[in-house]
Amino acid sequence: MTELSAVAESDLQGIRDLDIDDVLAYVHSDLKRLPDYTELYRRYLRQRWDVYDLDFTQDALDWRERMTQDERDAFVGVSAGFHHGERQVEVELPVFMLGGSEESKIYMSSQIEDEARHTVFFDRFYREVVGMPGDSVQDVLDASFEHVSETFVGPFGLLAYQADELRRDPEDAAARVRYGTTYFLWIEGVLALSVMKITLTYCRRRGFLPGYYTGFTATCRDEARHVQFGMRFLRDSVREDPRLLLQIHETLRTILAINGATSRTLALEALGWSADEVRRLMIRQLKMKLVDVGIALAPDIEEMVTRIEPELAGG
Amino acid sequence: MPTPIRFFTPEWAEAARAAADAGPAQEGKLPSYWSWIERARAGYTARWALGLREAGAYLVLTWKDGRCVEGVIAPDPGDAEYVLAADEATWQDLRDGADPGRIVMYRRLRLERGDVLAFFRVIYFFVESLATLSRVAATPRP
């Protein structure tokens, strides 16, 4: 079995043995071909996993006894952006499902379920490993919010307001493309995959947090479908109406403008990363997707891309 | 300690304007964050109408060349470029120190009119201005 087919076919037990680089290669392997929505939905049915099958017993031990305080602080800081990001996209996605083809709607139902499951994954991790208190999902979100950077509201607040815009007319092609650029290209395709690479590489190198590694690697495999859906949606939208490329550009100008603000120091060194490495990772994630699906950028946006600041969140 | 003024009155609007114009205390976050906000604010010209749903009224703030030059209470948003609205409980939570970014994220303050992308190009300037003006000491409306 090749590495990529192992990624595609592994059950939850097998996912624990996968390397995150192979999963990231799997995310990009189909970007040139871009499977249709029904194929992605069928893949979801094969790859769906049960978040309650994960065992965090060893993770709790690692957290208390093997990880340093610096590592714990950095890990919580990085993963809090994902905890809230998953919640946010779970809430904002249904409005996108109201528009598009029937195949798109069917596929989108699976992505909403994925995002809800990912929210539960982080809820379990924060309760059972980090030890955050709470009787409800909201309680745990409230407890972890202090670790979320102030600049989180940039991309995720933008998505919330774009969802409101889309709610007024779910078939508005320009609004769908603007929403899709923020969500599928930036949040899923750049922010999420970068955080996955950082935290999962750390876990694998150090041999820590096997429950987190398993669940988050499975989450990353889910992201492959999400990114491929999103890139197909953007590519097809521009093919149908080339003027929509301007909507992608305007959205990217906004996203990259707000990316320049950083409110907190990210303790990346404790996880084995430098700010420059994260910057390069984010630029690479963005460019791979744009090149593979043939979305060209205006020169001023190319220039903004070179100045991307490390930003750790996802959904 | 200043005597609280009544929320959503002309006196409060002027105090909110002055607070927004003075800007946030630049502390607790990286200097680059405050620099970003200063760049966003420099030359900023627009009108925000911030609504209180139960009252059917708006705090209309006029920004001109980076200064907040007027703050009035109005029954409608007029020609404001950005119209946002929240209920009384949300405004109360903001007065009590709730995170304004989270208020936006949870859509408790909604953008009812205005270009979403243009609005977000100054989002941290907006969020910090909202935090500053909403914490002006005020007694609830009767």
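Select B:R47 to begin: this residue stands opposite B:T62, which belongs to strand 3 of chain B. The model on screen is predicted.

**The strands of chain B**

Now select residues 46-52 of chain B, which form strand 2. Strand 2 pairs with strand 3 of chain B in the antiparallel sense, over seven bridges. The hairpin of these two strands has four residues between them. Click on B:G56 in that hairpin: B:G56 takes a positive phi near 60 degrees.

Move on to strand 3 itself, residues 57-64 of chain B. Is strand 3 mostly covered or mostly open? Strand 3 is mostly covered, as seven of its eight residues are buried.

Next, add residues 67-74 of chain B, which make up strand 4. Strand 3 and strand 4 of chain B run antiparallel and are joined by seven bridges. To see one pairing, select B:V60 and look for its bridge partner in strand 4, which is B:V72. The hairpin of strand 3 and strand 4 has two residues between the strands. Here the residue to click on is B:D65, with a positive phi near 50 degrees.

While strand 4 is selected, pick out residue 68: B:C68 is buried, with a relative accessible area of 2%.

**Chain B as a whole**

Show the whole of chain B. Its six helices and seven strands follow the order β-α-α-β-β-β-β-α-α-β-α-α-β from the N terminus on. The radius of gyration of chain B is 14 Å, close to the 14 Å that the globule rule gives for 142 residues, so chain B is as compact as a globular protein of that length. Turn the C-alpha trace of chain B along its principal axes, and the spans are about 40 × 35 × 30 Å. Of the 142 residues in chain B, 51% count as buried. Among contacts in chain B with a separation of 6 or more, 68% come from residues 24 or more positions apart.

**Helix 9 of chain A**

Switch to chain A and select residues 153-168, which are helix 9. Helix 9 has 16 residues and reaches 22 Å from its first C-alpha to its last, close to the 22 Å expected at 1.5 Å a residue. Why is helix 9 of chain A described as largely enclosed by the rest of the structure? The reason is that 14 of its 16 residues are buried.

**Helix 7 of chain A**

Select residues 102-130 of chain A for helix 7, then A:H118 within that helix. A:H118 counts as buried, at 0% relative accessibility. Show side chains, and the side chain of A:H118 makes a polar contact with that of A:E86, at 3.4 Å. Leaving aside neighbours within four places in sequence, A:H118 is in contact with several residues, among them A:W49, A:T219, A:D222 and A:H226.

Stay in helix 7 of chain A and select A:E103. Is A:E103 buried or partly exposed? A:E103 is partly exposed, with a relative accessible area of 42%. Beyond its neighbours within four places in sequence, A:E103 is in contact with A:Y37 and A:T38. Add A:L40, which lies 63 residues from A:E103 along the chain; the C-alpha atoms of the two are separated by 9.9 Å.

**Last stop: cysteines**

Select A:C220, which is buried with a relative accessible area of 0%. The closest cysteine sulfur to that of A:C220 is in A:C203, 13 Å away, which is too far for a bond. Over all chains, a search of the whole structure finds zero disulfides.

Key:
Residues numbered from 1 in each chain as written. Chains lettered and ligands numbered in written order. Predicted model: local features only at pLDDT ≥ 70, side-chain atom pairs only at ≥ 80, totals over all residues. Heavy atoms only, no water. Buried < 20%, exposed > 50% of the residue type's maximum accessible area, 1.4 Å probe, protein only. Pairing = 2+ DSSP bridges. Expected span 1.5 Å × (residues − 1). Disulfide = S-S within 2.5 Å. Polar contact = N/O pair within 3.5 Å; in protein donor to acceptor, adjacent residues only side chain to side chain. Contact = heavy atoms within 4.5 Å. Rg over C-alpha atoms; globule rule 2.2 N^0.38 Å.
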